[in-house]
Amino acid sequence: MTLRSFWEDVQRPTRESVSNERLQMPTVRLDVCELKVFQRSLNYSLLEHLLLERELEFLMPNGTEFWHRDVLDRHQVPQVEVGPMKCLRLFSMQEVPQESILPYHRWFLQLQGPIPKELQRLNYSYVNGLFIRPSLANASHPVSQRQESFLKIYVPFLAKNRTTIVRSLVALEKWSDSLGGRYGAPHEDTFYFDDSRIIPEALDANPMVVQQMPLLGHRLKVVLPVPTSMVRVHHHINDIMADIVTVLGRLASGIFIFSLLTVMFPAIREEKYHFFCHWPFLGLGNPSELDALLQPA
């Protein structure tokens, strides 16, 4: 039982530490998603009617300002599936330097008509059915699926252009053991966005009235500010040395206890074991008590 417990202990991290460190973060991504069940039921995909742009802005300590914006080709944007969602994965312009000041990642979403009536809100002022998820991890990574949240958005169509700000905490999940390796790590180390929240602009109270539905709606601007390079690090440690010391202590305790019991309760008489057969040429068994009587005189 002691050895089995030891084997189970070394297969998983035994303790966790949480700290804040300044680290270089990977390229930021924004997943724009829709429910696959809605797509099948309506035989219509909002993702196939999106016009996409992206923008990146940050300032360097020496005063150099970086700003760039470009148009994304929807057909060249990678697609991923995350559980019930089908997503377009929109990468930022580049990896932002660690020493940069106030980087702002922006994406612009615009829908082309026609829009099914099941997806319209407030007389086609807004379109329902899209979700966004800021991400730093691979879409299939278990930490990403557990920690990075999907946020519901309303894309303006007849309503005026709208801005949505996303607040997130940058975190890192990593594993190591006390011998300098990664034994017992269930996944690869990964950055991710934790505790994502959306700060939407108020809905337009005076929707536009039109005689004919336009083929192109207004824009939704998604803003993701990353104000600092400080990262919350969750370090899972598999302390193999402590597990080894523990199992050796348990075995030593067991041996000591059984030895003590032997001293305290000695055997009263020696048991003599008899075998059914006696093979003297093999040194096995014991001679019968009648052998001496059956020997010829």
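Two strands are taken to pair if DSSP finds at least two bridges between them. The model shown in these close-up views is a predicted one.

**View A. Strand 14 and its pairing with strand 11 and strand 1.** Strand 11, which spans residues 162–177, runs parallel to strand 14 and is joined to it by seven bridges; within this pairing, E173 stands opposite H234 of strand 14. Strand 1 (residues 15–22) pairs with strand 14 in the antiparallel sense, over eight bridges, and here E21 stands opposite V231 of strand 14. Strand 14 itself covers residues 230–238 and is mostly covered, with seven of its nine residues buried.

**View B. The salt bridge between D31 and R133.** The structure holds 13 salt bridges, and one of them is formed by the side chains of D31 and R133, with an N to O distance of 3.0 Å. The pair links distant parts of the chain, since D31 belongs to strand 2 (residues 29–35) and R133 to strand 9 (residues 126–135), 102 residues apart. Both D31 and R133 are buried.

**View C. The salt bridge between E53 and R69, with the ring of F108 beneath the charged end of R69.** The side chains of E53 and R69 meet at 3.0 Å, N to O, and this pair also links distant parts of the chain, with E53 in strand 3 (residues 50–59) and R69 in strand 4 (residues 65–72), 16 residues apart. E53 has a relative accessibility of 16% and therefore counts as buried, the cut-off being under 20%, whereas R69, with a relative accessible area of 28%, is partly exposed. The charged end of R69 sits over the ring of F108, at 3.9 Å from the ring centre.

**View D. The salt bridge between E55 and R106, and the network to which these residues belong.** The side chains of E55 and R106 form a salt bridge with an N to O distance of 2.6 Å. E55 lies in strand 3 and R106 in strand 7 (residues 101–112), so that the pair ties together parts that are 51 residues apart in sequence. E55 is buried, with a relative accessible area of 8%, and R106 is buried too, at 13%. Through salt bridges that share partners, E53, E55, E57, R69, R106 and R219 are joined into one network.

**View E. The stacked rings of F58 and F66.** A search of the whole structure finds one aromatic pair. The pair consists of F58 and F66, whose rings are stacked, with 4.9 Å from centre to centre and 15° between the planes. F58 is buried, with a relative accessible area of 4%, while F66 is partly exposed, with a relative accessible area of 25%.

**View F. The largest nonpolar core, seen around L90.** This core has 39 residues, and those with the most contacts inside it are V32, L50, L90 and L109. When neighbours within four places in sequence are left aside, L90 is in contact with V28, R29, L30, V32, L52, L72, V77, W107 and L109. Among these contacts of L90, V32 and L109 also appear in the group with the most contacts inside the core.

Notes
Residues are numbered from 1 along each chain as its sequence is written. This is a predicted model: local features need pLDDT of at least 70, side-chain atom pairs count only at pLDDT 80 or more; totals for chains, interfaces and linings use all residues. Side-chain values use heavy atoms; hydrogens and water are left out. A salt bridge is a side-chain nitrogen of Lys or Arg within 4 Å of a carboxyl oxygen of Asp or Glu. Helices (H or I, at least four residues) and strands (E, at least two) are DSSP runs, numbered from the N terminus. Buried means under 20% relative accessible area, exposed over 50%, partly exposed in between (1.4 Å probe, protein chains only). A nonpolar core is a set of buried Ala, Val, Leu, Ile, Met, Phe, Trp, Tyr and Cys residues joined through side-chain atoms within 4.5 Å. Contact means heavy atoms within 4.5 Å. Rings of Phe, Tyr and Trp (its six-membered ring) pair if their centres lie within 6.5 Å; planes under 30 degrees apart count as stacked, over 60 as edge-to-face and the rest as tilted. A charge sits over a ring if NZ of Lys or CZ of Arg is within 6 Å of the ring centre and within 35 degrees of the ring normal.
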